[in-house]
Amino acid sequence: METPLDLSAAVDLSRHPEMEAEMAFIAQVLNQDQVEMAVFAQAAGFAERALSREPGNAMLVFILGTLYLKAEKNGLAECLLRYSLSLKWSQASALNLSFLLQSTGRSSEASAILHCIVEENPTDTRALANLSGSYVNVHDPDEAIKWADKLLEIDPQNSDALWNKSLSLLEKGEWEEGWKLYRHGATLDVGNLTQRKRRFENVPYWDGSKEATVFVYGEQGVGDEIMGYGMVSELIEHVSGRVVLETHPRLVTIARAAFGDRIPIYGTRKCPEGELTWPANFQPTHRIPLLGLAEFFRSSGPAWQEQHIPYLQELLPENVPEVVDAPMATLRYGGSSRVFTVGLSWAGGSAVTKAADRSVPLDMLVENVIEKFDGNEIDWVSLQYDPADNPGAAKLEIDRVNAKYGINIRHNQEIANDLTLCYGRLLPSLDAVVTVCTSLVHAAGAFCTVPTFVMTPHDVAWRYGLEGRHMPIYGQHIRTIRQEIGKDWDPVFKQVCEEIRNMRVPK
């Protein structure tokens, strides 16, 4: 994100000397990483007052738009940044607008603006970094690498370029080089889209040495952490010192059941530094993110293929809470005696992680999949967990469609949101799963061999590879059904129905 370096040029202080202190305050707020709402409101008020005196001032419009961008008021920010560009072309306005578009999942629009910036200034490192990142987000790794390499010619150690190149190489299946570069994600600024966890950030990155005490920290999402769990045992066996794992709070029971008798595990990935209850004597010699372990343990295709056996399948039963010993019919939310049960998940991600592309409306799934089968033929069971900021959202949506279509998608809010129960026990009991790209895909790869049909968007993340019917990191029971082009889900739905019918036909 670009901020103006000299706000004194935004207004004519010879005409408005009383605004000097106010502009200095705005500059201070713009240079802060995070903005408290009260402070933001005061800065925005000063900027609005200045703009009321000079309504055609493009710089002031840009400043106000950037304040709204920092406060994550994206609608207002976009309007103001576009207006500032209509008043006067500004590289800073264009860069901030492209940042906003990219962070809200509109990478193609962002790319168009970034090309204009780079055409004007071919050495603009921020624009080159964002341009490379925009191609990462639209499933074009070759173009992402092209622009990353242009940036690396200017700045050979640029972390953004190295990170974008890493993800692109991984998407192409070039594992060894891709994982070597993956470590650069750990050095990115906190404000970067990847939101890398940087506890113990002054501790050296693990170099594969055996003489080490290693702090392993979680990734940007639940699914990535589940994927990384497949390498934890190898790390424990490899190093002579201690291993400590910090993970997502929703996964801490699973992690402790899998590894807790061997290493300390803390579900504190979401906790600020001051709220930690870590042992005071823990002094790691090295740190590494979960997926960073792949540089040492999964640097080739054959190494990933060795992980295809569900690596969490046998680790939970004796250690999970007693409630999981309930009959499977109870875990299936009162499932009937019908023999074929299909789990469903239709929403995943956030605005930053392309939720709009990764999710399908539940109505669309009902009309194109569920209603294609006889009502007494299949038990449909929800595996959809709620967004952290909207508890109960899945139940409300299911109640609505059940009433609208006269169907019975079963849903238990407590079980669906307890990943130990949902992923560790309910999921392996099903006959099939139909899901979008979300953490459920990784759970299906790690916990069981249940046939899982993944409705995969065209602009998919690197984990799913460039093409093919299977993910490179899991067994063949994970089956990707890909959009061929654009955002048309109809062929995907038809293929899902065909796959389920093939399973239902007696052999």
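The largest cavity in this structure is lined by D357, P457, H458, D459, Q483, G486 and K487. The model is a predicted one, and the cavity in question encloses about 30 Å³ of space. A search of the whole structure for cavities of 30 Å³ or more finds 1. By chemical character, the lining residues of the largest cavity divide into 3 charged, 3 polar and 1 nonpolar.

From this enclosed space the description may widen to the protein as a whole. The protein has 507 residues, of which buried residues make up 54%. Its secondary structure comes to 23 helices and 9 strands. Of the contacts in the protein with a separation of 6 or more, 66% are accounted for by residues 24 or more positions apart.

The strands provide a convenient route through the fold. An open sheet is formed by 4 strands in the order β3-β2-β1-β4, and the pairing is parallel. At its edges stand β3, residues 265–266, and β4, residues 286–289, each of which pairs on one side only.

Strand β1 can be followed to its partners on either side. It covers residues 214–217 and is joined to β4 by 4 bridges, the two strands running parallel. Within β4, R287 is the residue that stands opposite F215. Strand β1 is also joined to β2 by 4 bridges, again with the strands running parallel. In β2, F215 has V244 as its bridge partner. F215 is thus a useful landmark, with R287 opposite it in β4 and V244 as its bridge partner in β2.

Strand β2 comprises residues 243–246, and its side chains alternate in direction: V243 and L245 point one way, V244 and E246 point the other way, and all are buried. The buried group in β2 therefore includes E246 as well as V243, V244 and L245, where buried means a relative accessible area under 20%. On its way to the edge of the sheet, β2 pairs with β3 in the parallel sense over 2 bridges. There, Y266 in β3 is the bridge partner of E246.

A further set of pairings is centred on strand β5. This strand covers residues 341–345, and 5 of its 5 residues are buried. Both of its faces are covered, with T341, G343 and S345 on one side and V342 and L344 on the other. Strand β5 pairs in the parallel sense with β6, residues 379–382, over 4 bridges. In β6, W380 stands opposite V342. Strand β5 likewise pairs with β7 in the parallel sense, over 4 bridges. In β7, V434 is the bridge partner of L344.

Beyond β7 the chain reaches T438, which is found in the loop between β7 (432–436) and α22 (439–447). T438 has a relative accessible area of 7% and is therefore classed as buried, the limit being under 20%. Leaving aside neighbours within four places in sequence, T438 is in contact with S345, A347, G348, R358, Y385 and Y464. One of these contacts, S345, belongs to the covered strand β5.

A second loop residue, R469, is placed between β8 (452–456) and β9 (478–482). R469 has a relative accessible area of 40%; this value lies between the limits of 20% for buried and 50% for exposed, so R469 counts as partly exposed. Not counting residues up to four places away in sequence, R469 touches I478, R479, T480 and E499. With E499 there is also a polar contact, made between the two side chains at 2.5 Å. R469 and I481 are 12 residues apart in sequence, and their C-alpha atoms are 6.5 Å apart in space.

The final stop is in a helix. K165 is found in α9, which spans residues 159–171. K165 has a relative accessible area of 15%, and because this is under 20% it is classed as buried. Neighbours within four places in sequence aside, K165 is in contact with I145, A148, D149, L152, E177 and L181. The contacts of K165 thus include the acidic residues D149 and E177.

Note on methods: Residues numbered from 1 in each chain as written. Predicted model: local features only at pLDDT ≥ 70, side-chain atom pairs only at ≥ 80, totals over all residues. Heavy atoms only, no water. 1 Å grid on protein atoms, 1.4 Å probe; cavity = no way out; pocket = protein on both sides within 12 Å on 5 of 7 lines; lining within 4 Å. Points joined across faces, edges and corners; volume = space filled by probe spheres on them. Nonpolar A, V, L, I, M, F, W, Y, C, P; charged D, E, K, R; others polar. Buried < 20%, exposed > 50% of the residue type's maximum accessible area, 1.4 Å probe, protein only. Contact = heavy atoms within 4.5 Å. Polar contact = N/O pair within 3.5 Å; in protein donor to acceptor, adjacent residues only side chain to side chain. Pairing = 2+ DSSP bridges.
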